[in-house]
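Me: Please take one part of this model and go through it closely. I would like the geometry and the packing in one connected account, with cut-offs where terms need them.

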Amino acid sequence: MASSEEDGSAEDKENNKKKTKRPFVTAWLTIYNIAMTAGYNLFIVLYPVGVAGELLTIYAALPYVRKSGMLSVRLPNKYNVSFDYYICLIIVMLSYIPLFPQLFFHMLRQRRKVLHGEVMVEKED
């Protein structure tokens with residue numbers, strides 16, 4: 001009889017441990033799901049806003065960079081190399097035209113794959 005009582009108490013202790021873990025696991029999974037859903041949905045608004053902020057900041061800095069010659073290297077110099085930071089900034093701004101849609105649509109595909117469980121099949125050429 002004594003051994004069965006001990007076994008029962010061990011089972012009760014194990015069940016109590018499981019019951020105390022359940023609310024924490026449920027809370028953690030709920031927070032994780034909310035964070036993941038928010039992350040994959042908020043980028044739709046935040047990514048274009050961030051890119052617009054970067055472009056406006058660069059645009060606002062262009063007159064100062066041109067006037068001051070900031071980070072530019074002119075010829076003649078020891079290494080016989082020229083670099084114009086003003087032109088570099090313009091090239092960076094123009095690079096957003098082909099790169100932004102590519103990156104944004106890649107994130108949309110990732111969102112669809114993670115949130116909806118869709119598997120994308122690539123076409124073979």
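Reply: **A close look at H2**

Just after H2, Gly117 has a positive phi of about 70°. Residues are numbered from 1 along each chain as its sequence is written, and side-chain values use heavy atoms, without hydrogens or water. The model is predicted: local features need pLDDT of at least 70 and side-chain atom pairs count only at pLDDT 80 or more, while totals for chains, interfaces and linings use all residues.

Helix H2 covers residues 85–116 (helices are DSSP runs of H or I, at least four residues, and strands runs of E, at least two, numbered from the N terminus). Its 32 residues should span 46 Å at 1.5 Å a residue (the factor is one less than the number of residues), and the end C-alpha atoms are 44 Å apart, which agrees. H2 nevertheless has a kink of about 45° centred on Pro98 (the angle between axes fitted to the seven residues ending there and the seven starting there).

The UniProt record, an unreviewed entry, lists residues 25–47 and 83–105 under "transmembrane region" (such annotations may be inferred rather than shown by experiment). In the model, residues 83–105 are 91% helix and 0% strand, with end C-alpha atoms 34 Å apart. Residues 25–47 are 100% helix and 0% strand, and the end C-alpha atoms there are 32 Å apart.

Within H2, Tyr86, Leu89, Met93 and Phe104 are buried (under 20% relative accessible area; over 50% is exposed, in between partly exposed; 1.4 Å probe, protein chains only). The largest nonpolar core (buried Ala, Val, Leu, Ile, Met, Phe, Trp, Tyr and Cys joined through side-chain atoms within 4.5 Å) has six residues: Ile58, Leu62, Val65, Tyr86, Leu89 and Met93. Helix H1 (2–68) and H2 each supply at least two residues of this core.

Leaving aside neighbours within four places in sequence, Tyr86 is in contact (heavy atoms within 4.5 Å) with Leu62, Val65, Arg66 and Ser72. Ser72 belongs to the loop between H1 and H2 and counts as buried because its relative accessibility is 18%. With the same neighbours left aside, Ser72 touches Phe83, Asp84, Tyr85 and Tyr86. The side chains of Ser72 and Asp84 also form a polar contact of 3.3 Å (N or O atoms within 3.5 Å, one able to donate a hydrogen and the other to accept it; residues adjacent in sequence count only if both atoms are side-chain atoms).

Val81 is also placed in the loop between H1 and H2. At 46% relative accessibility, Val81 counts as partly exposed. Outside four places in sequence, Val81 is in contact with Val73, Arg74 and Leu75.
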